[in-house]
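Here's a quick tour of a model you may want to pick apart yourself. Have a look at the fold first, then the notes below walk through it topic by topic.

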Amino acid sequence: MVLLRAEGLTKRFGGMTAVDGFSFHLREGEILGIIGPNGAGKTTVFNLLSGLLVPDAGRVFFEERDITGLRPYQRCRLGFGRTFQIVQPFPQMSVLENVVVSALFGRRGRFGAAEARHRALELCRLVGLEPKADHSPGSLTVAELKRMEVARSLGSEPKVLLLDEPMQGLTVVEAREAVKLVRSIRDLFGVSVLIIEHVMHAVRDLCERVIVMHYGTILAQGLYDEVAADREVVRAYLGEDDDSEVATG
């Protein structure tokens with residue numbers, strides 16, 4: 001079953017078209033990757049899907065409901081979870097309190113303060129941050145901040161999770177652990193995942209399908225091995241006609 005889809009999403013900033021006619025679908029339980037060079041329009045797509053930006057054209061559908069006109073908090077309560085490329089925690093709160101805020105805002109609004117704290121602690125445990133639950137976010141490493149961001153996104157009990165470069169700045173070992181975490185989240189909660197990522201071995205190991213963006217449009221889509229061997233995709237990444245494969249990135 002298709003959970004989330006977009007038809008012809010377009011967004012312009014002055015004379016620049018950041019996203020041009022973007023259409024896609026995300027199935028229930030699927031992990032779908034979006035890749036492409038910097039400036040390809042990937043994060044703009046996320047902002048359109050989550051309601052931070054209003055499209056100039058096109059529609060967004062969630063569970064076959066047209067949600068194009070809904071604000072971000074309304075989409076969150078329907079079942080949208082989102083991380084950001086640059087993590088911006090509440091610095092005066094502990095790691096646990098940052099996650100509690102999300103749980104209190106959950107899509108079903110069923111948590112009181114005690115229940116939200118219990119759920120937040122469970123999520124901290126899931127992402128490996130229980131020993132640092134009472135620490136300040138400023139004391140965390142990059143990898144730990146990314147994990148806290150994932151825990152916050154799960155606090156609202158999403159049906160679809162948008163992950164914006166969760167492996168940026170991680171070591172190879174940390175990125176492999178992040179792949180395992182994302183897969184376990186999908187399996188444990190049944191959440192569908194749409195992920196923007198530049199770490200190609202992570203995309204290869206994690207995603208069932210991949211969409212490649214370039215200059216705001218979809219350049220290619222399909223299985224990872226298919227798009228990695230596409231010469232137009234190689235040119236988009238390397239800027240030249242090269243026999244290398246994206247898989248080496």
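Are F62 and F80 buried or exposed? Both F62 and F80 turn out to be buried. Keep in mind that this is a predicted model, with an average pLDDT of 91 over the chain. The notes start from the aromatic rings, move on to the two sheets, and end with one residue in the second sheet and a word on confidence.

**Aromatic pairs**

- The count of aromatic pairs comes to two.
- One of them joins F22 and F24 in a tilted arrangement, with the centres 5.5 Å apart and the planes at 45°.
- F22 and F24 are both buried.
- F62 and F80 also make a tilted pair, this time with 5.0 Å between centres and 55° between planes.
- That second pair ties together parts 18 residues apart in sequence, because F62 belongs to strand β4 (residues 57-62) while F80 belongs to strand β6 (residues 80-82).
- If you wonder which numbers to look at, a pair of aromatic rings is described by the distance of the centres and the angle of the planes.

**Charges over rings**

- R5 sits over the face of F61, 4.1 Å from the ring centre.
- K11 puts its charged end over the ring of F13, at 5.8 Å from the centre of that ring.

**The four-stranded sheet**

- Four strands make up an open sheet, ordered β2-β1-β4-β5 and paired antiparallel.
- The edges are β2 (16-27) and β5 (65-66); each has a single partner strand, so one side of each has no neighbour in the sheet.
- Five bridges hold β1 (residues 2-13) and β4 together in an antiparallel pairing.
- Along that pairing, E7 has R59 in β4 as its bridge partner, and L4 stands opposite F62 in β4.
- So where does F62 show up? F62 faces L4 across the sheet and also pairs its ring with that of F80.
- β4 and β5 run antiparallel and are joined by two bridges.
- F61, the ring under R5, has D66 in β5 as its bridge partner.
- The β4-β5 connection is a hairpin with two residues in between, and E63 in the turn shows a positive phi of about 50°.

**The helix on that sheet**

- Helix α1 (residues 42-50) packs on the four-stranded sheet, where it touches β1, β2 and β4.
- The direction of α1 makes about 115° with that of β1.
- How many of the nine residues of α1 are buried? Eight of them are, which leaves the helix mostly covered.
- The buried residues in α1 are K42, T44, V45, F46, N47, L48, L49 and S50.
- Right after α1, G51 adopts a positive phi of about 95°.

**The six-stranded sheet**

- A second open sheet has six strands in the order β6-β7-β8-β3-β9-β10, and its pairing is mixed.
- β6 and β10 (217-222) are at the edges with a single partner strand each, so one side of each is left without a neighbour in the sheet.
- On average, neighbouring strands here are turned by 20° against each other, ignoring direction.
- β3 pairs with β9 (residues 209-214) in the parallel sense, over four bridges, and I34 stands opposite I211 in β9.
- Helix α6 (residues 172-189) lies across β3, β7 (160-164) and β8 (192-196), running at about 140° to β3.

**A closer look at I35**

- I35 is located in strand β3 (residues 31-35).
- I35 counts as buried because its relative accessible area is 1%, and the cut-off for buried is under 20%.
- Setting aside neighbours within four places in sequence, I35 has contacts that include K42, E197, V210, I211, M213 and Y237.
- I35 and M213 are 178 residues apart along the chain, yet their C-alpha atoms are separated by 6.2 Å.

**Confidence**

- In this chain, 93% of the residues reach a pLDDT of at least 70.
- Residues 241-245 stay under a pLDDT of 50, and the model gives them nine contacts beyond four places in sequence.
- Where pLDDT is low, the predicted coordinates should not be read in detail.

Key:
Residues numbered from 1 in each chain as written. Predicted model: local features only at pLDDT ≥ 70, side-chain atom pairs only at ≥ 80, totals over all residues. Heavy atoms only, no water. Phe/Tyr/Trp six-rings, centres within 6.5 Å; stacked < 30°, edge-to-face > 60°. Buried < 20%, exposed > 50% of the residue type's maximum accessible area, 1.4 Å probe, protein only. Lys NZ or Arg CZ within 6 Å of the ring centre and 35° of its normal. Pairing = 2+ DSSP bridges. Contact = heavy atoms within 4.5 Å. Axes fitted to C-alpha atoms, helices over the stretch in contact; angles between N-to-C directions. pLDDT = per-residue confidence, 0-100.
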